[in-house]
Amino acid sequence: MGTHVIKMPDIGEGIAQVELVEWFVKVGDVIAEDQVVADVMTDKATVEIPSPVSGKVLALGGQPGEVMAVGSELIRIEVEGSGNHVDTPQAKPAEPEPAPVKAVPQPEPRIEAQPQAAAAHAAAPIVPREAHDKPLASPAVRKRALDAGIELRYVHGSGPAGRILHEDLDAFISKPQTSAGQAPGGYGKRTDSEQVPVIGLRRKIAQRMQDAKRRVAHFSYVEEIDVTALEALRQQLNAKYGDSRGKLTLLPFLVRAMVVALRDFPQINATYDDEAQVITRHGAVHVGIATQGDNGLMVPVLRHAEAGNLWSNAGEIARVAHAARNNKATREELTGSTITLTSLGALGGIVSTPVVNTPEVAIVGVNRMVERPVVIDGQIVVRKMMNLSSSFDHRVVDGMDAALFIQAVRGLLEQPACLFVE
């Protein structure tokens, strides 16, 4: 038997360090070739690390949330044959001399657990953690536990460093629990608290939002839009072409309106390098689609929206959004946007103040569509109304230009035939 060591790969783009997000294996697991062993995160995207060999996991080289250098030891696997790693033998004393120097043993690479320790941990009885002993779990596991009314401190974690996995929740749910293991409810007094490590995507989101608010001179502009005619057109197109071309949401219409309006406002389809003091105005409209996943907000990119029709853009929006929600989006699919569109759908509220997705200079936010009475030609009628809440970088975009741009979008959406007039 030999040892195969997988080192943190060079993911490209000059990246020297990456963050270890999540392990999918633990010490003692037998894994297959091409099996994904871990997720790591760069500034651009989450990347899966597969194993090039089959074997048994001997050691893990880091914990979730740890920033690791490219080339450092990620995982050690016992394999058939000689493997790719030979431990450096200890130095032997030289021939007898008057004052021989004792060799100093080289330190072993840090590992999370030995197989024996892992087995003992797995076999240990489940003992509730103390209130101050906070369980380690991913956001998805925490949300699932919250929805099920389970306190994670009562759940035994079988992952690295006692991390609670989905399988651990399955095992906990399948067993009858005493009242001590149930989440408190009703009017019972609660004294528990929880500390959630800010790692992985959540850390990147926090850093980007903080950087955007610190560097960008934000201002927001809100306008209401009568989308009665637009919604009627959307329903007619879906009734006629939905089965053959796919159903349309409002998003491809909004994208089309942005594409047409940006022809007259190129300063809004731009990126700003504030260190080099250079504004780049883009001919191509690469629309970032803000997408909420289990682990946080991501912005996959609809490229060349100016070249797509309603259905091709709709299909591409669905594809990249699905990839982002499932952590399958590539770096190319998550970078290069020139303007961002964000929508909370039915949760869109009345007004929002979205944060500009730097280095872009504009973000268009969509609020909830509602039916309400409005006055038209002196008559009170019921119309479908929707607000656009958009933010801009005031260093680049003047207030008048922002208002005129949104008014142009409004005109196109209220008279949707104009979306297709060239």
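This report describes a four-stranded sheet, contacts that involve aromatic rings, and a nonpolar surface patch in a predicted model.

## The antiparallel sheet

Strands β1, β8, β6 and β3 form an open sheet in that order, with antiparallel pairing. The edges are taken by β1 (2-7) and β3 (30-31); each has a single partner strand, so one side of each is left without a neighbour in the sheet. Strands of a sheet pair through backbone hydrogen bonds, either parallel or antiparallel.

The pairing can be followed strand by strand. Six bridges join β1 and β8 in the antiparallel sense, and V5 has R76 of β8 as its bridge partner. Between β6 and β8 there are four bridges, again antiparallel; here V57 is matched with I77 in β8. At the other edge, β3 pairs with strand β6 (residues 55-60) over two antiparallel bridges, and the bridge partner of I31 is G55 in β6.

## Burial of strand β8

Strand β8 covers residues 73-79. Six of its seven residues are buried, that is, under 20% relative accessible area. The strand is therefore largely enclosed by the rest of the structure.

## Aromatic contacts

Three aromatic pairs are found in a search of the whole structure. One of them is formed by F265 and F405, which meet edge-to-face with 6.1 Å centre to centre and 75 degrees between the planes. This pair links distant parts of the chain, as the two residues are 140 residues apart. F265 lies in the loop between α6 (251-262) and β10 (270-273), whereas F405 belongs to helix α8 (residues 399-414). Both F265 and F405 are buried.

Aromatic rings also meet a charged side chain at R245. The charged end of R245 sits over the ring of Y241, at 4.5 Å from the ring centre. The charged end of R245 also sits over the ring of W311, where the distance to the centre is 4.6 Å.

## A nonpolar surface patch

V222, I350 and V351 make up a nonpolar patch of about 270 Å² on the surface. Of these residues, V222 is located in strand β9 (residues 218-226). V222 counts as partly exposed because its relative accessibility is 35%, a value that falls between the limits of 20% for buried and 50% for exposed.

Terms used
Residues are numbered from 1 along each chain as its sequence is written. This is a predicted model: local features need pLDDT of at least 70, side-chain atom pairs count only at pLDDT 80 or more; totals for chains, interfaces and linings use all residues. Side-chain values use heavy atoms; hydrogens and water are left out. Patches are made of residues with over 30% relative accessible area and no salt bridge: like charges are joined within 9 Å, nonpolar side chains (Val, Leu, Ile, Met, Phe, Trp, Tyr) within 5 Å. Accessible areas come from the Shrake-Rupley method with a 1.4 Å probe; for residues, only the protein chains shown count as cover. A salt bridge is a side-chain nitrogen of Lys or Arg within 4 Å of a carboxyl oxygen of Asp or Glu. Buried means under 20% relative accessible area, exposed over 50%, partly exposed in between (1.4 Å probe, protein chains only). Two strands pair if DSSP finds at least two bridges between them. Rings of Phe, Tyr and Trp (its six-membered ring) pair if their centres lie within 6.5 Å; planes under 30 degrees apart count as stacked, over 60 as edge-to-face and the rest as tilted. A charge sits over a ring if NZ of Lys or CZ of Arg is within 6 Å of the ring centre and within 35 degrees of the ring normal.
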